[in-house]
Amino acid sequence: MDITTLCTAVRGTVRTPGAGVTEVRVATPHDISATVRFAARQRLRVTTSRRPGAGELAVDLTALKGITIRGRTAEVQAGATWAELDAATQAHGLATPGPRLSYTSVVGAVLGRARGWLTPLHGTTRDNLVRAECVTADGRLVTTEEPEGVITSVTLRLHPVDRKVYGGVLLYRLADAPAALGCSANSRGGGASSPGWPPTSRHRRNGSFQAIWSGAGCSRWSRRSWATP
Ligand SMILES: Cc1cc2nc3c(=O)[nH]c(=O)nc-3n(C[C@H](O)[C@H](O)[C@H](O)COP(=O)(O)OP(=O)(O)OC[C@H]3O[C@@H](n4cnc5c(N)ncnc54)[C@H](O)[C@@H]3O)c2cc1C
């Protein structure tokens, strides 16, 4: 199978940006099978890294965003981020333990046994894995409880979450903080999390930022500020 054959075999797009690197932005799990078979014949290493090296074939999974909630489970395709999964599950009053960084991939969290705010109650992300759909090294699409090869989707167990908010983070520009808070700077904090925490480089580019939070152990609203380095 050569590059031309690969291009016709996949619904996604094939790029050859140079230095012996091929990238396939896959559109379906079957695209991954075709890509892995191609890589095996060409003796290329398959990677999901965004920075492939020479001799590697990169599988870009970011177009696989499907999330299906069925009862107390979520089937999540490999391109979905934790923020996207949270948004889908919270619409049903459900959640599953994940990392505290919302832009990380759900599959990365499964493989890395991510720990987050719900871990004391429900374990790590991996503990909540029901099954994974994977493409094996020889290009077969299999469903398994033990992930191998390239994972195309994972099914995770979901748990009811109380809709009451005991803690959270609101981000304001430093200049807007006094008006938002209406009191002077001082205090202690409770635990906090939100999709989008911690502040990203975008927040930092915008100048100083302010986190305001409340939570268990806080008798009143609290705040703390950081200046941009
Ligand atoms: C500031 C900071 C704070 C953090 N805090 C926490 C925390 O509180 N709790 C926590 O658990 N973690 C934490 N992490 C770790 C972070 O959540 C992990 O980076 C994340 O879980 C992995 O997601 P990723 O998007 O980086 O994965 P990726 O980089 O996409 O993948 C991670 C690994 O999985 C492999 N992989 C990815 N997709 C696939 C696939 N489809 N098939 C096969 N292999 C695949 C990759 O090759 C790589 O080896 C923190 C990281 C940082 C930088």
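Trainee: Which residue with a positive phi follows α2?

Mentor: In this predicted model, the helix α2 covers residues 29–42. The residue that comes after α2 has a positive phi, near 55 degrees, and that residue is Arg43.

Trainee: What distance separates the end C-alpha atoms of helix α2, and what span should its 14 residues have?

Mentor: Helix α2 holds 14 residues, and the expected span takes 1.5 Å times one less than the number of residues. On that basis α2 should span 20 Å, and this agrees with the separation of its end C-alpha atoms, which is also 20 Å.

Trainee: Is Thr35 buried or exposed?

Mentor: Thr35 lies in helix α2, and it is listed among the buried residues of that helix, which also include Ile32, Val36 and Phe38. The criterion for burial is 20 or more other C-beta atoms within 10 Å. Because Thr35 has 28 other C-beta atoms within 10 Å, it is buried.

Trainee: Which residues is Thr35 in contact with, once its neighbours within four places in sequence are left aside?

Mentor: Contact here requires C-beta atoms within 7 Å. With those sequence neighbours left aside, the residues in contact with Thr35 are Val10, Val24, Val26, Leu57 and Val59.

Trainee: Which residues are the bridge partners of Glu133 in β9 and in β10?

Mentor: Strand β8, residues 129–135, pairs with β10 in the antiparallel sense over six bridges, while four bridges join β8 to strand β9, residues 141–144, again with an antiparallel run. Glu133 has a bridge partner in each of these two strands: in β9 the partner is Thr143, and in β10 the partner is Ser153.

Trainee: In the hairpin of β8 and β9, which residue takes a positive phi?

Mentor: The hairpin has five residues between the strands β8 and β9. The residue that takes a positive phi there, near 90 degrees, is Gly139.

Trainee: Which element gives the most residues to the shell around the ligand?

Mentor: There are 18 residues around the ligand, and Pro99, Arg100, Thr104, Gly108 and Ala114 come nearest. The elements α4 (106–111) and β10 (150–157) each supply at least two residues of this shell. The element that gives the most, with four residues, is α4.

Trainee: How many residues of the shell around the ligand are nonpolar, polar and charged?

Mentor: Gly counts as polar in this division, which matters for a shell with Gly108 among the residues that come nearest to the ligand. The shell residues divide into 10 nonpolar, six polar and two charged.

How values were computed:
Residues numbered from 1 in each chain as written. Predicted model: local features only at pLDDT ≥ 70, side-chain atom pairs only at ≥ 80, totals over all residues. Near = placed C-beta within 6 Å. Buried ≥ 20, exposed ≤ 12 C-beta atoms within 10 Å, placed from the backbone. Pairing = 2+ DSSP bridges. Contact = placed C-beta atoms within 7 Å.
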